[in-house]
Each structure stands twice: as C-alpha cells, then as structure tokens.
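Biologist: I have a list of labels for this model, and I want the reasoning behind each one. Can we take them in turn?

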Amino acid sequence: MDIDVRGPRFAAAVTTVVLAVALITGSAWLLAWQSFAFALGAAGGVGRSPYGWVFRTFLRPRIGPPTQFEPPLPPRFAQAVGLVFALVGLIGFTVGPGWLGQAATGAALAAAFLNAVFGYCLGCEMYLLVRRVTVRTD
C-alpha cells in the first residue's frame with residue numbers, strides 16, 4: 001500500500017532539526033533518540049516511526065487527504081541507511097573519535113535536509129539504484 005509523500009518529508013524535517021541540534025551540541029543522547037526513531041522506521045515503515053505517528057495523528061487530519069503517493073519500500077530503506085549513519089555517529093560521540101561522530105551525523109543531516117527542503121531522498125535513490133543493479137530483467 002502506497003504512502004502519503006508528505007509523511008516522509010515531515011519526518012525528514014523533524015530529523016533535520018534533531019540531527020542539527022545533536023551535531024551542534026555533540027549530544028549522544030539526542031543521537032541515540034534519532035537512532036531509535038530510524039530503527040522503528042526501518043523495521044516497521046515510516047508510518048511506525050515516532051515522527052510518522054505525529055504526522056498521521058496530528059497533521060494529516062488538518063491538512064487534508066493526500067494527492068501524491070509513493071511506495072513504502074524506498075523510504076523504509078532510507079530509514080535503514082539513516083540508522084547506519086546515526087549509529088556510526090553515536091559510536092564516534094561515545095567512544096571516539098569525535099570527528100567520526102561529527103562526520104556521520106553531518107552526512108545524515110545533509111540527507112535529511114535534502115529530503116525535507118527539496119523532496120530529494122538520497123536513501124530512496126540508493127534503494128532504486130540497488131534494485132536496478134540486483135534485479136534481473138531477462
């Protein structure tokens with residue numbers, strides 16, 4: 001079942017703020033929270049993440065029905081990619097080196113920002129590329 005495209009963009013906007021604050025403050029706790037949010041989105045789909053729940057419960061009823069949809073697998077894959085970067089960042093912030101935490105968090109922040117502002121999902125594009133490379137078309 002396809003999902004409302006506004007949900008992942010909202011989640012990316014919240015993620016952008018969370019990752020920016022985590023990067024500025026070096027907060028491992030905040031990055032751990034974001035890792036948890038990514039893990040829920042990767043495991044159950046973006047609608048099962050905390051930000052997806054907020055969108056579905058509070059925003060979607062107020063902004064009207066969706067007019068555009070997308071398949072759920074690319075955003076779910078993107079959540080898994082975000083999880084990997086957040087976990088690497090968490091390792092960097094907790095056990096070092098600190099630059100690793102900054103670099104991984106910065107990369108995740110850049111990807112979330114692109115999705116939130118421009119609607120360009122790097123993880124989704126990675127998913128499509130992996131599918132093209134791995135799916136046989138004989």
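Biologist: What makes Trp33, Phe36 and Tyr51 a cluster?
Modeller: Ring pairs link Trp33, Phe36 and Tyr51. A pair needs ring centres within 6.5 Å. Keep in mind that this is a predicted model.

Biologist: How many aromatic pairs does that rule give?
Modeller: The count comes to six. One of them joins Trp53 and Phe58.

Biologist: Why is the pair of Trp53 and Phe58 called edge-to-face?
Modeller: The centres lie 5.5 Å apart, and the planes make an angle of 85°. Edge-to-face requires over 60 degrees, so the label follows.

Biologist: Are Trp53 and Phe58 buried, partly exposed or exposed?
Modeller: Trp53 has 44% relative accessibility, and Phe58 has 40%. Buried means under 20% and exposed means over 50%. Both values fall in between, so Trp53 and Phe58 count as partly exposed.

Biologist: Why is the pair of Phe77 and Tyr127 called tilted?
Modeller: The angle between the planes is 55°. Stacked needs under 30 degrees and edge-to-face over 60, so this pair is tilted. The centres are 5.7 Å apart.

Biologist: What makes Phe77 and Tyr127 a link between distant parts of the chain?
Modeller: Phe77 sits in helix α4, residues 73-94. Tyr127 sits in helix α6, residues 122-134. The two are 50 residues apart.

Biologist: Which label does each of these two get, buried or partly exposed?
Modeller: Tyr127 has a relative accessible area of 16%, under the 20% limit, so Tyr127 is buried. Phe77 has 27%, between the limits, so Phe77 is partly exposed.

Biologist: How do you know that Cys121 and Cys124 form a disulfide?
Modeller: Their sulfur atoms are 2.4 Å apart. The cut-off is 2.5 Å, so the pair qualifies. A search of the whole structure finds one disulfide. Both Cys121 and Cys124 are buried.

Biologist: Why is the disulfide of Cys121 and Cys124 called right-handed?
Modeller: The torsion about its S-S bond is about 70°, so the disulfide is right-handed.

Biologist: What is the order of helices and strands along the sequence?
Modeller: The pattern is β-α-α-α-β-α-α-α. That comes from six helices and two strands.

Biologist: How do you know that the radius of gyration agrees with a compact globule?
Modeller: For 138 residues, such a globule would have a radius near 14 Å. The chain has 15 Å, which agrees. Of the 138 residues, 37% count as buried.

Technical notes:
Residues numbered from 1 in each chain as written. Predicted model: local features only at pLDDT ≥ 70, side-chain atom pairs only at ≥ 80, totals over all residues. Heavy atoms only, no water. Buried < 20%, exposed > 50% of the residue type's maximum accessible area, 1.4 Å probe, protein only. Helix = DSSP H or I, 4+ residues; strand = E, 2+ residues; numbered from the N terminus. Rg over C-alpha atoms; globule rule 2.2 N^0.38 Å.
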